[in-house]
Amino acid sequence: MTDSKSSYLRIVKATSIFGGVQFLNILISIVRTKLIAIFIGPSGMGIISLLNSALNMVSGITALGIETSAIKHISQQYKENDLNSVSSIITVVKKIAFLTGIFGMLIVMIFSSWLSQLTFGNPNYTYLFIYLSVTLLFKQLSVGKMIVFQGLRQLKILAKASFYGNFIGLLFSIPLYYFYRIDAIVPSIVVASVSSLLVSFYYSRSIKIRKCNVTNSQVLIEAKSIIKLGVMLTLSGLLTLVASYIVQIYVGKNGGLTEVGFYNAGFTLLNSYVGIVFTVMSTDYFPKLSSISNNNIKIRESVLEQSYMSILIITPIIILFFAFVPLIIKILYTSKFISIIPMVRFGMLAMLFRAVSWSMGYVLIAKGDSKVFIKTAFGFNLLSVVLNMLGYYLYGLEGLGFSFLIYYLIHLIVLKRITNKRYDFCFDLEFYRTYAICIMLCFVTFFISYLSNSLLKYSLMILMIILSLGFVLYNLNKKIGFKFLYNSIIKKKND
């Protein structure tokens, strides 16, 4: 029982650590965006956005997906807190990070004129891309350090490095934009990448890895398996980008640029602000899953625990969003974006299905099942395009939200079938009971949000918020035990 409680407790701790850090990082991003808007205006923001988009596109391809695949390999080889067991693989990862960083930098330099033409429609920004090419090297070297932190499940170090890297970059960027305005764009981007690199180097000193000489043949053997999975992940990411691009073109041709703006605003809200819950939880979940990838029984336990915690965490968030979505949209955007509310409502329901399918989806990556992974990635992205285009054609923006809901329901069913057939995975009866109640709470609140009587609607909304929080706290107490949680905190303070 204690082992089970400890496992659930670790999920809560990991989520709380990174939840707080990601919240602070979002605040930093908001402050940076506001200051940029004040100091250099809309045109300057447009230049920064386009430069970053182009650089991220190149980085996404040249990095070869090692930021995920390398974590899997480090976690698999890390044995019982013995750093010597991973010294060789970490050495290899650092070399791969350096080489892919050099590769990305050279690609940007060589194709700087083409990138300028493609991004801005003219070659006038060629020199900016040449100056910024070094940021791909800095970024990849920093990623190499972060991979080690996450692979070893050094979550506090990873959280600190992530936050302070962003914070220091912001502190140096403010005076640059204040004094040099639009001319500060390139220096500020470089400074941000340098600060992240220096902070990651600083924190890496706390992890004492034995120096080890790795032969070229060893590097090639290890790199081959890391890059093989990494390429599959990169290809999957590109398929997602292409799918989104096709849908945006379709929406633009049928509804105009304003509708494209609404589409992006809605899905940014769902994927970046609500979806960040999954990003936070994956920080500890993926390394853990990778370390036990050869044991289907332990994988089943881990996926079950993560799915259970995911639905408990996401349920009150969904209900709170239903209650305050008009206010949230006005804060994050403006009142002009109120028309995306129906789309976001359906999209929020989808997150409940996404929480479970997300937990199962990581099994394919942890197992290194690259063939099945790429087949499912292709199939799911094709399904996404078809459903989104059909949804928009029939019901406009609201149809996009509904298609998002249908997509994740199918996503859950298909992944459940795949993991059951290939890895003998299944949920227990207790999970299904809890999940059914979470679904009921969310759907009831969804229908309440359409009531026309404001007093009745918000009275019932408050009741649903109280019920959902009570249900979540009851189940957390059952799985962890608040007394056990209190004792673990006290023990840690005494240590």
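Select Glu430 to begin: in this predicted model the residue is partly exposed, with a relative accessible area of 27%. Add Lys478, which forms a salt bridge with Glu430. The closest N and O atoms of the two are 3.6 Å apart. Lys478 counts as partly exposed too, at 36% relative accessibility.

Now show the helices around this pair. Glu430 sits in helix α15, residues 429-448, and Lys478 in helix α16, residues 454-479. The two residues are 48 apart in sequence, and the pair links distant parts of the chain. Side chains of opposite charge can pair when their charged atoms come close.

How many salt bridges does the structure hold? There are 2. For the other, select Lys288 and Glu305, whose closest N and O atoms are 3.3 Å apart. Lys288 belongs to helix α11 (residues 276-291) and Glu305 to helix α12 (residues 296-332), so this salt bridge ties together parts that are 17 residues apart in sequence.

Are Lys288 and Glu305 buried or exposed? Lys288 is buried, with a relative accessible area of 16%. Glu305 counts as buried as well, at 11% relative accessibility. The cut-off for buried is under 20% relative accessible area.

Stay with helix α11 by way of its neighbours. Select Gln150, in helix α6 (residues 134-151). At 16% relative accessibility, Gln150 counts as buried. Which residues does Gln150 touch, leaving out those up to four places away in sequence? They are Ile71, Leu158, Ser282, Thr283 and Pro287. Colour these by element to pick out the side chains.

Next come two loop positions, chosen for their backbone angles. Most residues other than glycine have a negative phi, and most peptide bonds are trans. Go to Leu64, where phi is near 60 degrees, a positive value. Leu64 is placed in the loop between α1 (2-62) and α2 (66-77). Its relative accessible area is 21%, so Leu64 is partly exposed.

Then select Arg181, which also is not glycine and has a positive phi, near 50 degrees. Look for Arg181 in the loop between α7 (155-180) and α8 (185-204). With a relative accessible area of 36%, Arg181 is partly exposed.

Zoom out and switch to a cartoon of the whole chain. The protein chain has 17 helices and 0 strands. Its radius of gyration is 23 Å, close to the 23 Å given by the globule rule for 495 residues, so the chain is as compact as a globular protein of that length. Reduced to the C-alpha trace, the chain spans about 60 × 55 × 45 Å along its principal axes.

Colour the chain by relative accessibility next. Buried residues account for 50% of the 495 residues. Among contacts between residues at least 6 apart in sequence, 81% join residues at least 24 apart.

Finish with the surface and the charges. About 23900 Å² of the protein chain is exposed, and carbon and sulfur atoms supply 66% of that area. Select the charged side chains by sign: 44 are positive and 16 negative. The centres of the two sets lie 4 Å apart. To close the tour, return to the two salt-bridge pairs, Lys288 with Glu305 and Lys478 with Glu430.

Notes: Residues are numbered from 1 along each chain as its sequence is written. This is a predicted model: local features need pLDDT of at least 70, side-chain atom pairs count only at pLDDT 80 or more; totals for chains, interfaces and linings use all residues. Side-chain values use heavy atoms; hydrogens and water are left out. A salt bridge is a side-chain nitrogen of Lys or Arg within 4 Å of a carboxyl oxygen of Asp or Glu. Helices (H or I, at least four residues) and strands (E, at least two) are DSSP runs, numbered from the N terminus. Buried means under 20% relative accessible area, exposed over 50%, partly exposed in between (1.4 Å probe, protein chains only). The radius of gyration is taken over C-alpha atoms; the globule rule is 2.2 Å times the number of residues to the power 0.38. Contact means heavy atoms within 4.5 Å. Accessible areas come from the Shrake-Rupley method with a 1.4 Å probe; for residues, only the protein chains shown count as cover. Lys and Arg count as positive and Asp and Glu as negative; His and the chain ends are not counted. The place of a charge is taken as NZ of Lys, CZ of Arg, CG of Asp or CD of Glu.
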